[in-house]
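User: I'm new to reading protein models and would like a close look at one part of this one. Could you walk me through it in plain words?

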Amino acid sequence: MTVASGNPELEIIIVNYRTPHLVVDCLTSLQQERSDVNFRVIVVENGSGDDSRQIIHEAIVETGWTDWISILNSDANLGFAGGNNYGLSRTKDSKFVLLLNSDTIVQRGCLRRCLDVMNANPSIGALSCKLLNRDRTIQNAARRFPHPFRITLSQLGFPRRWPGMFAWANLQHPGWDRNTESRSVEWIGGAFLMIPRTVLNTVGFLDEDFFFYGEDVEFCHRVHRAGYLCWYEASVSTVHLGAGSSDDTRLPRGQRNKHRTRARYLKQQKLYGRWASIWVWTVDAIMDALRSTRDLVFRPDSNKRPATRIQNRTD
């Protein structure tokens, strides 16, 4: 049985960039949710420049999904924020929207539970469910904001060396069970991001100054500033395969690291001001210089030197 048609309760935005088969798998997982939730899906074909649109369109027609899925074409790659905003601009009167990565498989009952939680708690401005890796281990979809003081202490190793005293500065936000505990958190990842339309009307769409990485942190910061909560819901899950649009075949590693590094300092500027961006850049430069000096002194064999750290930072 499928929920009756009419104005959908939920509109889902899926941005495709050269991941058509992943999109089809994601849509297949959504099909089973239609018995519980009245929703429609907008697939944004984000300037892939390949046969993505044809593959997705043929799958939609062959499976009879044309009544609840539409494809929106962009001639250029608008980035993650821009692609999602392009889809959001075409949403209508649904009470909620969901930004959903193309490399996700929504587990049974996930949408209904998340909507019920948000309907029961109007103070929630953004919600993510439990995200699982391919092997069903848990991803960290809920972390702390990267305040420059926290970053400085983390760079100095304080949370790692003295976790009892400096756990509050650990950006990964350890110390609670993401498998069982639903709770308010500082920010949640953008792979599964459910938002009430009233919140979008208040805080706006994603910030397109972020092309790739960082837009979810900045958006959640605006949600908090507007007086809403960001919520992690552990009772239901979605598999997030990861790197769907950003593996080496779609986005070269050099470009990926460039986007990640730019987002690191742009987040500081957006959240805390230009001084914070300069401060974090200075701390990074000093720490990288100290590590390089240490490596030259204690690891003369260049083959043993670690790769540049900036590409591995998650804050």
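Let's start with strand 11: which of its residues stands opposite Val106?

Analyst: That's Thr238, which sits in strand 11. Keep in mind throughout that we're looking at a predicted model.

Val106 comes from strand 5, residues 104-106, and this strand runs antiparallel to strand 11, with three bridges joining the two. Strand 11 itself covers residues 229-240, and nine of its twelve residues are buried, so "mostly covered" is a fair way to put it, with buried meaning under 20% relative accessible area.

Strand 5 isn't the end of the story. Strand 6, residues 124-132, runs parallel to strand 11, and eight bridges join them. To find one of those contacts, look for Ile124, whose bridge partner in strand 11 is Leu229. Then there's strand 8, residues 183-185, which is antiparallel to strand 11 and joined to it by three bridges. Here, Ser184 has Trp231 of strand 11 as its bridge partner. While you trace these strands, a handy rule is that side chains in a regular strand alternate between the two faces of the sheet.

Now for something to set beside strand 11: have a look at strand 2, residues 39-46. Seven of its eight residues are buried, so strand 2 is largely enclosed by the rest of the structure. Strand 2 pairs with strand 1, residues 10-16, in the parallel sense over seven bridges, and one spot to check is Ile14, whose bridge partner in strand 2 is Val43. To get from strand 1 to strand 2, the chain goes through helix 1, residues 20-31, and this β-α-β crossover is right-handed. Strand 2 also pairs in the parallel sense with strand 3, residues 69-74, over six bridges. Val41 has its bridge partner, Ile69, in strand 3. The route from strand 2 to strand 3 runs through helix 2, residues 52-63, again as a right-handed β-α-β crossover.

Two loop residues are worth a stop as well. Most residues other than glycine have a negative phi. Arg18, in the loop between strand 1 and helix 1, has a positive phi of about 60° though it isn't a glycine. Arg18 counts as partly exposed because its relative accessibility is 32%. His173, also not a glycine, has a positive phi of about 55° and lies in the loop between helix 7 (163-166) and strand 8, the strand we met earlier beside strand 11. At 8% relative accessibility, His173 is buried.

What about the cysteines? A search of the whole structure turns up zero disulfides. For Cys114, the closest cysteine sulfur is in Cys110, 4.1 Å away, so that's too far for a bond. Cys114 is buried, at 0% relative accessibility, and Cys26 is likewise buried at 0%.

Last stop: empty space. There are two cavities of 30 Å³ or more. The second largest cavity has a volume of about 30 Å³, and among its lining residues are Phe210, Tyr213, His259 and Arg262. Its lining divides into five nonpolar residues, one polar and one charged.

Notes: Residues numbered from 1 in each chain as written. Predicted model: local features only at pLDDT ≥ 70, side-chain atom pairs only at ≥ 80, totals over all residues. Heavy atoms only, no water. Buried < 20%, exposed > 50% of the residue type's maximum accessible area, 1.4 Å probe, protein only. Helix = DSSP H or I, 4+ residues; strand = E, 2+ residues; numbered from the N terminus. Pairing = 2+ DSSP bridges. Right-handed = clockwise from strand over helix to strand, strands pointing away. Disulfide = S-S within 2.5 Å. 1 Å grid on protein atoms, 1.4 Å probe; cavity = no way out; pocket = protein on both sides within 12 Å on 5 of 7 lines; lining within 4 Å. Points joined across faces, edges and corners; volume = space filled by probe spheres on them. Nonpolar A, V, L, I, M, F, W, Y, C, P; charged D, E, K, R; others polar.
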